[in-house]
Protein chains: 6
Amino acid sequence: MTQHSPGSDSAAILVEALPYIQEFRGRIVVVKYGGNALAGASEDDALASFAEDIVLLHAVGILPVVVHGGGPQIGEMLAKLGMKSEFVEGLRVTDAETLEVARMVLKGQVNPNIVSALNVHGPIAVGISGEDANLITASSFSEALGFVGQVEAIDPSIVNRLLAQDLVPVIATIGADDLGQAYNINADTVAGALAAALGAEKLIFLTDVDGIRSDASDPSSRINQITLEQAPGLFADGTVSGGMIPKLEACVHAVEAGVARAHVLDGRNPHALLVELFTDAGVGTMVRP
Amino acid sequence: MTQHSPGSDSAAILVEALPYIQEFRGRIVVVKYGGNALAGASEDDALASFAEDIVLLHAVGILPVVVHGGGPQIGEMLAKLGMKSEFVEGLRVTDAETLEVARMVLKGQVNPNIVSALNVHGPIAVGISGEDANLITASSFSEALGFVGQVEAIDPSIVNRLLAQDLVPVIATIGADDLGQAYNINADTVAGALAAALGAEKLIFLTDVDGIRSDASDPSSRINQITLEQAPGLFADGTVSGGMIPKLEACVHAVEAGVARAHVLDGRNPHALLVELFTDAGVGTMVRP
Amino acid sequence: MTQHSPGSDSAAILVEALPYIQEFRGRIVVVKYGGNALAGASEDDALASFAEDIVLLHAVGILPVVVHGGGPQIGEMLAKLGMKSEFVEGLRVTDAETLEVARMVLKGQVNPNIVSALNVHGPIAVGISGEDANLITASSFSEALGFVGQVEAIDPSIVNRLLAQDLVPVIATIGADDLGQAYNINADTVAGALAAALGAEKLIFLTDVDGIRSDASDPSSRINQITLEQAPGLFADGTVSGGMIPKLEACVHAVEAGVARAHVLDGRNPHALLVELFTDAGVGTMVRP
Amino acid sequence: MTQHSPGSDSAAILVEALPYIQEFRGRIVVVKYGGNALAGASEDDALASFAEDIVLLHAVGILPVVVHGGGPQIGEMLAKLGMKSEFVEGLRVTDAETLEVARMVLKGQVNPNIVSALNVHGPIAVGISGEDANLITASSFSEALGFVGQVEAIDPSIVNRLLAQDLVPVIATIGADDLGQAYNINADTVAGALAAALGAEKLIFLTDVDGIRSDASDPSSRINQITLEQAPGLFADGTVSGGMIPKLEACVHAVEAGVARAHVLDGRNPHALLVELFTDAGVGTMVRP
Amino acid sequence: MTQHSPGSDSAAILVEALPYIQEFRGRIVVVKYGGNALAGASEDDALASFAEDIVLLHAVGILPVVVHGGGPQIGEMLAKLGMKSEFVEGLRVTDAETLEVARMVLKGQVNPNIVSALNVHGPIAVGISGEDANLITASSFSEALGFVGQVEAIDPSIVNRLLAQDLVPVIATIGADDLGQAYNINADTVAGALAAALGAEKLIFLTDVDGIRSDASDPSSRINQITLEQAPGLFADGTVSGGMIPKLEACVHAVEAGVARAHVLDGRNPHALLVELFTDAGVGTMVRP
Amino acid sequence: MTQHSPGSDSAAILVEALPYIQEFRGRIVVVKYGGNALAGASEDDALASFAEDIVLLHAVGILPVVVHGGGPQIGEMLAKLGMKSEFVEGLRVTDAETLEVARMVLKGQVNPNIVSALNVHGPIAVGISGEDANLITASSFSEALGFVGQVEAIDPSIVNRLLAQDLVPVIATIGADDLGQAYNINADTVAGALAAALGAEKLIFLTDVDGIRSDASDPSSRINQITLEQAPGLFADGTVSGGMIPKLEACVHAVEAGVARAHVLDGRNPHALLVELFTDAGVGTMVRP
C-alpha cells in the first residue's frame with residue numbers, strides 16, 4: 001500500500017523545479033535589486049526574502065550576480081547632511097560633494113547591507129563596485145549633470161573571477177574614468193550592460209510594479225511578453241515612461257547582445273525570483289528576441 | 001500592497017529546502033535501490049519517480065551513487081530458463097550457470113533499466129559493476145553457496161573518477177577475484193562497504209518497509225533512530241531479522257567507518273529520498289554514531 | 001668481446017616495434033571484437049590472447065576502445081528460453097522481448113566477459129553501452145525489424161572521459177532514443193561511427209576471415225589495400241557480400257570521416273592486433289584514403 | 001673604454017634592490033595604512049605615493065594586502081551629520097547609528113579612495129571588508145562601547161582567492177557576527193590578526209611617527225628592533241602608550257603566530273614602504289622573534 | 001614635517017621603473033650576449049654585471065632568454081690545440097674536427113660559465129643548445145664552409161617549457177639536422193629567429209659598439225632609431241657593415257615577424273640592459289616597425 | 001584453422017614484455033652510461049643501440065634519466081692540449097685548467113653526443129649538468145685533488161620538471177658550490193645520489209664487465225644478487241675493487257635510500273638495458289634490500 005508520507009507535497013514541488021534547475025545550472029543570472037522595489041513589506045523582511053532567493057540560486061548551481069542602486073538612501077543621507085540637490089529633467093545634478101555622498105551610501109551602506117544579508121547563509125557574497133579592478137569605465141553623461149556617468153566599457157573579468165570561485169558578486173554602480181575620477185551611474189543601465197558583457201542567460205529587474213502595463217492605471221493590462229520588434233513602439237507611444245524607460249532600454253540592449261530573456265518583475269511579491277525561475281507561473285513582463 | 005503571486009507557495013517550499021541543499025552540496029550520498037522496494041506502485045512509475053529524485057540530487061550539486069540488486073528479476077529469469085535453485089539458510093546456492101544468469105540479469109537488465117530511466121533527463125548516468133576497473137574484489141562467502149561472494153576490498157577509484165566528471169554511477173553488485181572469477185554479492189553489503197570506502201555523507205536504503213519496528217507487526221512501533229551502541233541489542237533480541245539484517249549491518253558498518261548518517265526508508269512512498277533529504281519530515285529509521 | 005646474451009633476440013624485436021609505438025602513442029584505436037571471430041581456438045584462449053593485445057596497447061600508451069557484438073550468444077540464449085526468431089533479409093526481427101534478451105546478453109554476459117579478461121591484468125577496463133551518458137542515440141532501422149536500431153548520433157564524451165583517465169572502454173552496442181527506448185544496433189556500424197566521432201587513428205575489425213578476397217573461395221586472392229575510390233566498385237560487383245558489407249561500409253565511412261586507416265584482420269591468428277600494429281608484416285585488408 | 005651611460009646610476013639602484021625582490025617575491029606583505037599617517041604632505045599626494053609603492057610591490061611579484069582604518073574621516077562625517085560621540089577610555093561609544101556612519105565612511109569613502117588610487121595604474125585592486133565572504137567574524141568588545149568589535153575569527157579564504165588572481169585586496173575593517181550584525185574593529189588589530197592568518201612574511205604599520213621611542217619627545221631615541229622577549233617590558237614601563245599600544249600588540253601577536261618581521265614605519269616619508277623593503281636603510285622599529 | 005629619509009632617492013628610482021616593469025612583466029626578452037661585447041671591463045666583472053641584470057629581469061617577472069656565441073673562445077682553443085683555420089669571406093671553414101672543438105667550447109665552456117654566473121643568485125638558469133629537444137634544425141650554409149650551419153627551423157617548445165617553469169634558458173647556438181649532424185650557427189641569426197619564433201617582446205644585442213653610426217668613426221653619429229623602411233638603405237649604402245650586418249638583419253627579421261622592438265646596445269656599459277629596459281635614457285640603436 | 005601469421009613470433013615476445021612494461025610504467029630508471037663501457041663494438045654503434053633502448057623505455061611510458069662520465073675523452077683532450085696530469089691514489093689531480101678541460105669535454109662533447117643520438121628518434125632529450133638550476137651542490141673531495149668534487153646536496157627539481165614534460169634528461173656530472181665554483185664529480189657516485197633523490201625504481205650501471213665476480217678472472221663466478229647485508233663483506237674481502245668500488249657503493253647507497261633494485265650490467269651486450277628490464281633473462285649483478 002502506498003502511504004502518503006509527510007513531506008511528499010514538498011517533494012513534488014521540488015521535482016517540478018527540476019527541469020528549470022537543469023536548464024539554468026551553470027548559467028549567469030544578473031539581478032537588478034532596486035532600492036524602491038521593497039515598499040510592500042518591511043525593508044528588512046524583503047531583503048531577507050531576496051537573500052534567500054539568491055542563496056538558493058547559488059546553492060543549486062546557478063551563478064547569480066546582483067546589481068543595485070540606492071536613490072532613496074542617497075536622498076535620505078543628503079537630507080541629513082543638509083545638502084540640497086538641483087534636478088535637471090528628473091536627474092539629480094551631482095557635484096563633487098554629492099558624488100562623494102552617493103558613493104559613500106551605495107558602497108558603504110546599501111552594498112554591505114545586501115552582502116551581509118547573503119552572508120548570513122554562508123561565506124558566499126562579496127561586495128564590489130565598478131571602481132574595483134576597472135570593472136566599469138565611465139564618462140560624464142552630460143556636463144549639466146556633473147558626475148552622473150554613463151558606461152564607456154565593461155571589463156567583466158573581476159566578476160568572472162569571483163563567479164569562478166563560487167562567490168556571489170554584489171555590485172554598486174559607481175564607475176571611474178582612466179584618471180580615477182568616480183561617477184554615479186544608473187543601476188538599470190549598468191545591469192543591462194553587465195548582463196550583455198557577461199553573456200548572461202537572464203537579466204531580471206526587481207521593481208515595485210508588476211511589469212509593464214499598456215494602461216498604467218490598470219493592473220489587468222500587464223504585457224506578458226515584448227519582442228525586440230515591439231519595443232520601439234512602446235517607447236514611441238508612451239506606454240513605457242518614467243523609471244521604466246531605462247529598465248526596458250536595458251532589457252532591449254541585453255537581449256540584442258545575446259541575453260536569452262530579460263524580465264521586469266514585482267519585487268514586492270515574496271520570492272518573486274524563485275517563482276519566475278523555477279515555476280510555470282508567468283509573472284511580470286518578459287523581453288525576448 | 002503585497003500580492004500573493006501564483007507560485008509563491010512553491011517558492012516557499014524551495015526555500016525550506018535551502019539549508020539541506022547547502023548542507024549536502026558536494027557530498028556523496030550512496031543509495032541502495034532494491035528490487036522489491038517497489039511493490040506499492042507499478043514498477044515503471046516507481047522507477048521514474050526514483051529517477052527524478054536522483055536527477056534532482058545531481059542537479060543541485062549532490063553526488064548520488066546508486067547501488068542495486070535484483071533478486072526477483074534473477075529468480076524470474078531462472079524460472080524462464082527452467083533452472084531450479086537450491087537454498088541454504090535462505091541463500092540461493094549459486095553454481096556457475098546460475099551465476100552466469102545472475103550476472104546477466106543484473107548487468108544486462110536491471111542496471112540498464114535504471115541507467116536508462118536516469119538518462120531520459122540528460123546524459124548523466126553510467127552503469128558499471130564491481131568487475132569494472134577492479135571496483136570490488138570478492139571471495140567466496142562459503143563453499144556451500146558456490147559463487148555467492150563477499151567483499152574482500154573496495155577500490156572506489158572508478159566511482160570517484162565518474163563523480164569527478166559530473167556523472168551518476170549506477171552499480172551492479174557483481175565482484176571478481178584476482179583471477180577474474182565473478183561472484184554475486186549481497187547488494188546491501190556492497191552499499192555499506194562502498195559508502196564507507198567513499199567517505200559518503202549518507203547511506204540510504206530504499207526498501208519496502210517503513211523502517212525498523214520494535215514490533216514487526218505494528219506500524220506504529222517504528223524506531224526513529226538507532227545509535228551504534230543500541231544496534232547490537234537489536235540484533236541480539238531479534239528485533240532486526242530477515243532481510244533487514246544485512247541492511248542494518250551495512251548501516252552500522254558504514255557509520256562506524258565515518259559515514260555521518262545511514263537510513264532505511266520506505267521506497268514505496270513517492271519521492272521518499274527527497275522527503276528525507278530536503279524536508280524536516282522524519283521518515284524511516286536512521287542510524288547515527 | 002661482444003657476448004650474445006640471453007634475451008637479446010627479444011630485445012631486437014622490441015626495438016623493431018619502437019617506431020610503431022612512437023607513431024601510435026596517444027592515439028585512439030577502435031577495435032571491433034566479433035563474437036564469431038574466434039572459431040580457430042577455444043573461445044577462452046582467444047579472449048585471453050585478445051586481452052593481452054589490448055592491455056599491451058594500453059601499457060605502451062595507445063588508447064584502445066573495444067566495441068563488441070554478440071549475435072551467437074544472443075541466439076543461444078533465445079534458444080534456451082525457447083524463443084523463436086523471424087528473419088527478414090537475414091536480420092532478426094526484434095520485438096520487445098527479444099530486445100530485452102539481446103540487451104541482457106550483450107551487457108550482462110558478453111561485455112563483462114571481455115571486461116573481466118582485461119582486468120585480470122590490472123584495473124583498466126570499464127564496460128559501458130550506448131545507453132550510458134547518451135553515448136549512442138538510436139532510431140528504428142525499419143518498422144519491420146522492430147527494435148533493430150540505427151545510429152542517429154554519437155556523443156563520444158563519455159568515451160573520451162574514460163580514456164582521459166587511462167581506462168579502456170568496452171562498449172556494448174545498445175543505443176537508446178530520447179524517450180529511453182533501447183535498440184540493438186549492428187556492432188560493425190557502431191564501430192565505424194564511433195571511430196569517426198572520436199577522430200581515431202585506426203579502426204580494426206577482428207573477424208573470422210583473413211580479409212577481403214577478390215575470389216571468396218581462394219585464400220590467395222586477398223586484397224591488401226582498398227582506396228576510397230575502389231570501394232564502391234567492390235560493393236557493386238559483389239566482391240564484398242554478406243557480413244563483410246557492414247564492415248567495409250564502416251571502414252569507408254570512418255576513413256571518409258578522417259580515420260587514417262581501417263583494417264579487416266583475421267582474429268583467429270594469435271595476437272593479430274599486435275602483428276598489425278607493431279610489425280612490418282602486412283595482414284588482412286586495409287582501407288585508406 | 002667604459003662609458004658612463006645615462007641611467008647607469010638608476011640601474012645600480014635597481015641592482016641593489018635585487019636580493020630583496022628575490023627574497024619577498026611570492027610572499028604576502030600586510031600593510032596597515034592609517035588615516036592619520038599622512039600629515040606631512042597633502043593627503044592626495046601621500047595617497048598617490050603610497051599607491052605607487054603598493055603597485056610596485058605587486059609589479060615585482062610580491063603579494064601586498066592593504067588594511068585601513070579611517071578614524072578622522074568618521075569623526076568628520078559624524079560632525080557633518082551633527083552626531084555627538086561619547087568616549088570611554090579614549091574609545092568612541094558606537095551605537096547603531098554611529099556604526100552605520102562608520103561603516104559607510106570606511107567602505108564607501110576611505111576604501112574606494114584607496115582602491116581608485118591603485119587602479120589608476122591598472123586593474124589590480126579590489127575593495128572588500130570583513131563582511132565579505134565571512135572574512136572577519138566579530139563580537140562585541142565591551143557592552144559599554146556598543147558596536148565596537150573584536151576579532152573572533154579570520155577566514156582568509158577570500159583574500160587568498162583574490163591574491164591567487166593577481167589582485168590587491170584593500171580591506172575595510174568592519175566585521176560581522178553570525179547573525180549579520182556589523183561591528184567596527186580597530187584596524188591595527190585586524191592587520192595583525194590577518195597577517196597571522198595569512199602566514200604573511202611581513203606586517204607593516206604606516207603611521208605618523210618614526211617608530212617607537214624610548215623617550216617619546218626625543219627623535220633620537222627611536223628603538224630599531226624589539227624582540228618578543230623585550231615587548232612585555234615596553235608595555236609595562238609605559239614606553240609604549242596611546243595609539244602605539246594596539247600597533248605593538250598586533251606586531252607581537254603576528255610575530256608570535258609566525259610572521260617573520262613586523263614594522264612600524266613613518267608613513268610621512270615618501271615611499272617609506274619601498275625604502276624599508278628594498279634598501280639597506282633601517283627605518284622605523286622592527287619586531288622580530 | 002616631511003623628513004628626507006635615507007633610501008628615498010633609491011625609492012624614487014624604483015618608482016620611475018614601475019611603468020616599464022608593468023609593461024614588460026610576463027613578456028619574453030631575447031638577449032644576445034656576445035663574446036666580444038666585454039672588452040671594457042675584466043670579463044668576469046662584465047659577466048657578473050650581466051648576470052645581475054638578467055636575474056633582476058627574472059625577479060620582476062620578465063622572461064629573459066639568453067643566446068650566446070663564443071668566437072674568441074673557439075679561436076683560443078683551436079690555437080691551444082694547434083689547429084689552423086682557413087677563412088672564406090671572413091667566415092671560418094669548419095671541418096668535422098673544428099666543429100667538434102667549436103661545439104665543445106660553446107656548450108662546455110661559454111654556456112656553463114654564463115649559467116653558473118646566473119645560478120649564483122638562485123636555481124634559475126639552465127643551459128641548453130639547439131641540439132636539445134630539436135630546438136634548432138640546421139642545414140649547411142655553404143659547401144665551402146663545411147659545418148657552418150643556417151637555421152632551417154626553430155621549434156621553441158623546449159624554451160617555452162623552461163620559461164613556464166620560471167627558468168632562464170641559456171642557449172648555445174649549435175643546431176642539428178635530421179640525421180643528428182651538428183652545425184655551428186651564427187648566434188646573431190639564431191637570436192633573431194628565436195625571438196621571432198617565441199613572439200618575443202624585445203630582441204636585444206649586447207655588443208662592443210654603442211649602436212649603429214652613420215659615420216663609423218664618429219661616436220656622435222649614432223642612429224637612435226631605424227624603421228623597417230629605412231633598413232634596406234643602410235645595408236645598401238654601406239652604413240651597416242661587418243659584424244653589424246647579421247645583427248641588423250636579425251633585428252629586421254625579428255621585427256618583421258612581430259617582435260615589437262629590437263635593440264643594439266653597448267654591452268660595455270654597466271647594466272646596459274637595465275638602463276634600456278627600465279629608464280627613459282635612450283641608448284644604442286632601436287629597430288621598430 | 002589457426003594460421004601461423006608472419007610476425008606472430010614478434011607478437012609473442014611483445015606479450016612477454018607486457019608485465020614488465022606495466023610494472024615500470026611511470027617509474028624513474030636512472031641509467032649510468034660509462035665512457036669505457038663500450039669497448040666491444042664501434043663506439044657509434046654502441047651509442048646508437050643504447051639510444052634505441054632509452055627511446056624505447058621512453059616510448060612505453062618509463063621515465064629514463066641518463067647520467068654519464070667521460071674519463072677517456074677527458075684524458076684524450078688533455079693529451080691533445082699537451083697537459084700532463086698527476087695522479088693521487090688513482091685519481092687525477094684537477095687544477096683549474098684541468099677542470100676547465102674536463103667540464104668542456106663532458107658538457108660540450110660527451111653530453112651532446114648522447115643527446116644527439118637520442119634526438120634522432122624525436123625531440124625528447126635535453127642535456128643538462130649539475131650546474132643547471134643548482135642540481136648538484138658540490139664541495140672539494142680533498143685538497144690534494146683540487147677541483148675533484150663530492151656531492152653535498154642534490155636538488156632534483158630540474159630533473160622532475162623535465163620528466164614532467166615527457167623529456168629525457170641527460171646529465172653531465174659537473175657540480176658547483178654556492179659561489180659558482182665548478183667541480184668534476186665521479187659519475188657513479190652522482191648516479192647513485194640522484195637515484196636516491198629521485199626515488200627511482202631502478203639504478204642501472206652499464207659497464208664493460210659482465211657484473212661482479214667472486215673471482216675477477218673467472219667469468220663463471222659472476223654474483224647474481226647481493227643483499228645490503230652482504231655488501232660490506234665484499235668490500236672488506238677485496239672481491240669488489242678498483243672502478244667497481246664506487247659503482248657498488250652507489251648501488252648500496254641508492255638501495256638504502258629506497259631504490260628498489262640497482263644493477264651492474266655489461267653494456268657491451270647489445271640492448272643490455274632492454275634484456276634486463278623486459279625479459280626474464282638474468283644478466284649482470286643486482287643489489288637489493
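## Exercises on a two-fold pair and a helix

In this predicted model, a turn of 180 degrees with a shift of 0.0 Å along the axis lays chain C on chain B with an RMSD of 0.1 Å. That is how a two-fold axis relates its copies. Let's work from there.

**Exercise 1.** Find which residue of chain C comes closest to the rotation axis, then describe the side of chain C that touches chain B.

*Solution.*
- Step 1: Start at the axis. G108(C) comes closest of the residues of chain C, with its C-alpha at 1.9 Å.
- Step 2: Count the contacts. On chain C, 36 residues are in contact with 36 residues of chain B.
- Step 3: Sort by element. Two or more residues each come from α4 (96-119), β5 (125-129) and α5 (157-164) of chain C, and α4(C) gives the most, with 13 residues.
- Step 4: Sort by character. This side of chain C has 19 nonpolar, 9 polar and 8 charged residues.
- Step 5: Compare the copies. Because 100% of the interface residues of chain C are also interface residues in chain B, the copies meet through the same surface.

**Exercise 2.** Check the span of helix α8 (residues 244-256) of chain E, and work out where its buried residues lie.

*Solution.*
- Step 1: At 1.5 Å a residue, the 13 residues should span 18 Å; the end C-alpha atoms are 18 Å apart, which agrees.
- Step 2: List the buried residues of α8(E): M244(E), K247(E), L248(E), A250(E), C251(E), A254(E) and V255(E).
- Step 3: These cover an arc of only 155 degrees around the axis, so they sit on the same side of α8(E).
- Step 4: Look at what covers them. Among the covering elements of chain E are α6 (187-198), β11 (202-207) and β13 (261-266).
- Step 5: Follow the chain onward. After α8(E) comes G258(E), with a positive phi near 115 degrees.

Note on methods. Residues numbered from 1 in each chain as written. Chains lettered and ligands numbered in written order. Predicted model: local features only at pLDDT ≥ 70, side-chain atom pairs only at ≥ 80, totals over all residues. Helix = DSSP H or I, 4+ residues; strand = E, 2+ residues; numbered from the N terminus. Expected span 1.5 Å × (residues − 1). Buried ≥ 20, exposed ≤ 12 C-beta atoms within 10 Å, placed from the backbone. Arc of directions from axis to C-beta. Contact = placed C-beta atoms within 7 Å. Nonpolar A, V, L, I, M, F, W, Y, C, P; charged D, E, K, R; others polar. Least-squares fit on C-alpha atoms with pLDDT ≥ 70 in both.
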